Amino acid sequence: MRTLTLTIDERLAGREVKSLLAQELRMSESLIRRVKLRETGILLNGIRAFTTARVEAGDVLTAEVGDAPDAPRPRPMPAPLDVLFEDEDILILNKPAGIAVHQSTRDPEELTLENALASCLPPDCIPHPVSRLDRGTTGIITFAKNGYMHELLRRMLHTPGFRREYRGIAAGAVIPPQGTVTLPIGLAEGSTYQRAVRQDGAPSCTEYETLARAGNFTLLRLVPHTGRTHQLRVHMAALGFPLAGDWLYGTRDARIARPALHSYALWLTHPLTGEALHLTAPLPEDMMALLSHNAP
C-alpha cells in the first residue's frame, strides 16, 4: 500500500491532521474521507488518529494513499511495454498503434494497455491513465499507479507543469503554415462517438506549426491547450487539412492504416519530488515512411 509520511517540524506544529493532509500532502476531501475509514489509513506516531487531532513538533504522520484492496483492477494480460520513465507513483510509456488504452466491456478478451500494465505492476497497484490516446495514436502516455497520484496529475493537465506536444502529418499544404485554432468541439449530430465543431461545443484550443513539407503532406507540431476528445483531428479537419489516414474526419489512405498522429514530447514537473521530466518518443516507422516516400 502506497503510504506518505510527514514529519512535523516547528512550522507545522499545532495544526490539525486534516489540514496537514489537505495542504501539505494535497489529499482531496473525498480521499481523506475514504482513507480515515481504514484501520491503518491515518496514523500519528503509529497510532490511528482522528483528523481533528493536533500535532506537535517531532510527530510523524502517515497516510495510506494507495487504492483500496478491493478496488476493481484490470485483468492481467502479459505484453511487451516500452517504458520511458517509472517510479513509485508514475509510469510513462511509448504507446504503439493499434492498442486501446482502456479495458473494453464489449470485448473483455481484448488486450489493452491497462491489461498489460496490470500484468507487470504489483497486486496493490492499479494503472490509472492520466489522459487517453486513441487506439491509432502512438507515443507518450502517462499512467498513475494509484488514485492519489492520478488526481494530482489530472489537476496539472494543460498547465506549465504538465505540457504535451504532438506530431501530425496533414494531407495537403497547410495554410497558413502556423496558427491557433479555437473552434468549440462537441458530439457530432446523431453520434455517440464522432466529434464535430459546434457553436454549443466545449471551448477548445490547438496550436499548430508547420515543421516540414513532403510532397502533398505537411509535418506539423501540434500543441493541445485543452483536452477534448479527438481535438487535434477535428481541428485540423476543420481547417481543411485532415490528418493523413484519418478515416473518421478525412479519407482513408492505403499508405498509412491509421490517423498520422503521434504524442511526441512531454514536460512534467513531478508532483511529489519536484523533478523536471522531459521525455520524447521518435516518430514511428509508418509516419517516417509516409514522409520519406513523399519527399521531394
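The following dialogue asks how several descriptions of this predicted model are justified.

Me: What kind of model is this, and how are its residues numbered?
Reply: The model is predicted, so local features need pLDDT of at least 70 and side-chain atom pairs count only at pLDDT 80 or more, while totals for chains, interfaces and linings use all residues. Residues are numbered from 1 along each chain as its sequence is written, and side-chain values use heavy atoms, with hydrogens and water left out.

Me: What makes up the secondary structure of the protein?
Reply: The protein has six helices and 16 strands. Both are DSSP runs numbered from the N terminus: helices are H or I with at least four residues, and strands are E with at least two. The C-alpha atoms fill a box of roughly 70 × 40 × 40 Å along the principal axes.

Me: Why is L211 called partly exposed?
Reply: Buried means under 20% relative accessible area and exposed over 50%, with partly exposed in between (1.4 Å probe, protein chains only). L211 has a relative accessible area of 39%, so it is partly exposed. In the protein, buried residues make up 50% of the 296 residues.

Me: Where is L211 placed, and which residues does it touch?
Reply: L211 belongs to strand β13, residues 206–214. Not counting residues up to four places away in sequence, L211 touches R167, L219, L220 and R221, where contact means heavy atoms within 4.5 Å. The C-alpha atoms of L211 and R221 are separated by 6.5 Å, although the two residues are 10 apart along the chain.

Me: What share of the contacts in the protein with a separation of 6 or more joins residues 24 or more positions apart?
Reply: Such residues account for 65% of those contacts.

Me: Why is α5 described as largely enclosed?
Reply: Six of its eight residues are buried, so α5 is largely enclosed by the rest of the structure. The buried residues are Q231, L232, R233, V234, H235 and M236. After α5 comes G240, with a positive phi near 95°.

Me: How do you know that the buried residues of α4 line one face of the helix?
Reply: In α4 the buried residues are Y148, M149, L152, L153 and M156. Seen down the axis of α4, they fall within an arc of 125°, so they line one face of the helix. The arc is that of the directions from the helix axis to the C-beta atoms. An α-helix has 3.6 residues a turn, so residues three or four places apart point the same way. The cover over the buried residues of α4 includes β1 (3–7), α2 (29–35), β6 (90–95), β8, β9 and β15 (261–269). Just after α4, H158 has a positive phi of about 60°.

Me: What makes a group of residues a nonpolar core, and which members of the largest one touch the most others?
Reply: A nonpolar core is a set of buried Ala, Val, Leu, Ile, Met, Phe, Trp, Tyr and Cys residues joined through side-chain atoms within 4.5 Å. The largest has 37 residues, of which L21, M27, L61, I92, L153, F162 and L268 touch the most other members. Helix α4 (residues 147–156) gives the most to this core, with five residues. Apart from it lies another core of 23 residues, including C125, Y166, L232 and L243.

Me: Why is one empty space called a cavity and another a pocket?
Reply: On a 1 Å grid over the protein atoms alone, a cavity is a set of points where a 1.4 Å probe fits but cannot get out, whereas a pocket is an open set with protein on both sides within 12 Å along at least five of seven lines; lining residues have an atom within 4 Å of a point. A volume is the space filled by probe spheres set on the points, which are joined across faces, edges and corners. The structure holds one cavity of 30 Å³ or more. The largest cavity has a volume of about 50 Å³, and its lining is S131, L133, I140, I141, T142, F162, R164, Y166 and S263. The largest pocket has a volume of about 550 Å³, and the second largest about 420 Å³.

Me: Which residues lie nearest the centre of each of these two pockets?
Reply: The largest pocket is lined by 20 residues, with A100, R106, R132, R135 and Y193 nearest its centre. The second largest pocket is lined by 23 residues, with R132, R164, Y166, G227 and R228 nearest its centre. The largest share of this second lining, three residues, comes from α5.
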